[in-house]
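Reader: I'm new to this structure and would like a close look at just one part of it. Please walk me through the pairs of oppositely charged side chains and the places they sit in.

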Amino acid sequence: MKEKTTIIIPSHERHHLLLRAIDYYSELDFLVLIVDSSEVFLNVKLPGNITYLHLPGSLFGDKIYIGLCKASTPYSCLCADDDFLAENGLKSGQEFLEENLDYVSVQGHYIQFDPSIPKEKNNPLYLNMIGYKNDSDLIKDRALDALTVPHIYALHRTIVLKNAMHITLDITNVTVVELSIPLVTMCYGKHTVLPVFWSARDIVRYSKYLDENENDLPYYDEGNIEANKLNKIVINWKDFLISSEGNKLINNFVETVADVVPDPKEARDLFNSVNINYLSLVKRKNNISFKQKLKNITKLLLPSFVVRKIQLNNYDKLRLAQKSVSGYPWSDNVAMKDWNSMTRVILKF
């Protein structure tokens, strides 16, 4: 299995999380490549399946692209340094891509956990992904549906993921990487979500982020962690698209997909159409209902122990609602085996 998939873990100034990841992935049957832009080298002994690449100061997209250039496996999968990919889910993804050559990427179901009590505080995440397929035979149709669900941590054919990361070279914003991956990969083939447990995502924010103007984003803060210019995210996507970096992104896109969309004007029109759809989607998501606003205010007024009790009750309800859906730890013995491996590591740190 090791010769089939490379897991690429980008990291920046979070060595404490890398130690947790190394502990977990050392026992998995995959190659792992850590691409770390931290100033200080991670000086630890690594197991045979894990390689560490120190790239101080490298941009998010650049270091992933460098990692993909070094990957020799047919498949690659990105994973955040604070999250965990399920071994059996990845193996199911490999088998699916081997049998379905018109698909370029695949993923499964996600859960979110709190590392303080992972066994109690975990719940299904991205419920809109259940049963999702982007399987049109037409490039335009696939591209227009590309940003409906997040693809960043899907298993990809390495060559296609490398093409996607190529358009983000020299782009400083982290957000661009997440959106560029499906935008490019869906030009090359199809995507699906399998009914398997795919990944556990940490609920804690371990880094501090900046907006386009390098202002702190307090709702991304965790403790007194300092913000870094390599952690810039896009708040206003519309403004970004007309910026110099936005123009660079679209030019990179046109150049990269020229082998499947050879007409530059058609490629530009495709890029613009996808982003018009995305802006409409963001606008709908940002329209918070009165009910949700009331919940947010009530949460601030309640004692912490009451909030925790409500949270645990909500997690139980979410799990119960998805109990019959294959691909979650509480409904699948194979998935539970992977989740148990994850929780053993989580509880050690």
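Author: Here is a walk through the salt bridges, with some of their surroundings.

A word on the ground rules: this is a predicted model, where local features need pLDDT of at least 70 and side-chain atom pairs count only at pLDDT 80 or more, while totals for chains, interfaces and linings use all residues. Residues are numbered from 1 along each chain as its sequence is written, and side-chain values use heavy atoms, with hydrogens and water left out.

The mean pLDDT of the protein chain (the predictor's confidence in each residue, from 0 to 100) is 87, and 84% of the residues reach 70 or more. The stretch 210-228 falls below 50, though in the model it has 47 contacts (heavy atoms within 4.5 Å) beyond near neighbours in sequence. Where pLDDT is low, the predicted coordinates should not be read in detail.

As for the overall build, the chain has 12 helices and 10 strands; these are DSSP runs numbered from the N terminus, with helices being H or I of at least four residues and strands E of at least two. Of the 349 residues, 52% are buried. Buried means under 20% relative accessible area, exposed means over 50%, and partly exposed is in between, using a 1.4 Å probe and protein chains only.

Now for the pairs themselves. Side chains of opposite charge can pair when their charged atoms come close. The structure holds 12 salt bridges, each one a side-chain nitrogen of Lys or Arg within 4 Å of a carboxyl oxygen of Asp or Glu. Let's take three of them.

Start with glutamate 98 and lysine 4, whose side chains meet at 2.9 Å, N to O. Glutamate 98 belongs to helix α3 and lysine 4 to the segment before β1 (5-11), so this pair links distant parts of the chain, 94 residues apart. Glutamate 98 counts as partly exposed, at 35% relative accessibility, and lysine 4 is also partly exposed, at 25%. Helix α3 itself covers residues 87-99, and its 13 residues should span 18 Å at 1.5 Å a residue (the expected span is 1.5 Å times one less than the number of residues). Its end C-alpha atoms are 19 Å apart, which agrees. The buried residues of α3 are Glu87, Gly89, Leu90, Gly93, Gln94, Phe96 and Leu97. One of these, Glu87, is touched by leucine 28, as are Lys2, Asn49 and Leu85, not counting residues up to four places away in sequence. Leucine 28 is in the loop between α1 and β2 and is buried, with a relative accessible area of 7%. Its C-alpha atom is separated by 9.7 Å from that of asparagine 88, 60 residues apart along the chain.

Next come arginine 14 and aspartate 82, with 3.6 Å from N to O. Arginine 14 lies in the loop between β1 and α1 and aspartate 82 in the loop between β4 and β5 (84-85), so the pair ties together parts that are 68 residues apart in sequence. Here arginine 14 is buried, at 9% relative accessible area, and aspartate 82 is buried too, at 9%. They have company: Arg14, Asp81 and Asp82 are linked in a network of salt bridges.

The third pair is aspartate 23 and lysine 348, at 2.7 Å, N to O. Aspartate 23 sits in helix α1 and lysine 348 in the segment after α12 (333-346), so parts that are 325 residues apart in sequence get tied together. Aspartate 23 is buried, at 18% relative accessibility, whereas lysine 348 is exposed, at 57%.

Helix α1 (residues 15-25) also holds leucine 19, which is partly exposed at 36% relative accessibility. With Val44 and Phe349, Leu19 makes a nonpolar surface patch of about 250 Å². Patches are made of residues with over 30% relative accessible area and no salt bridge; like charges are joined within 9 Å, and nonpolar side chains (Val, Leu, Ile, Met, Phe, Trp, Tyr) within 5 Å.

Long-range links are not limited to salt bridges. Among contacts in the chain between residues at least 6 apart in sequence, 71% join residues at least 24 apart. Take valine 40, in the loop between β2 (31-36) and β3 (50-54): leaving aside neighbours within four places in sequence, valine 40 is in contact with His15, Tyr52 and His54. Valine 40 is exposed, with a relative accessible area of 55%.

Terms used:
Areas by Shrake-Rupley, 256 points an atom, 1.4 Å probe, with all protein chains shown as cover.
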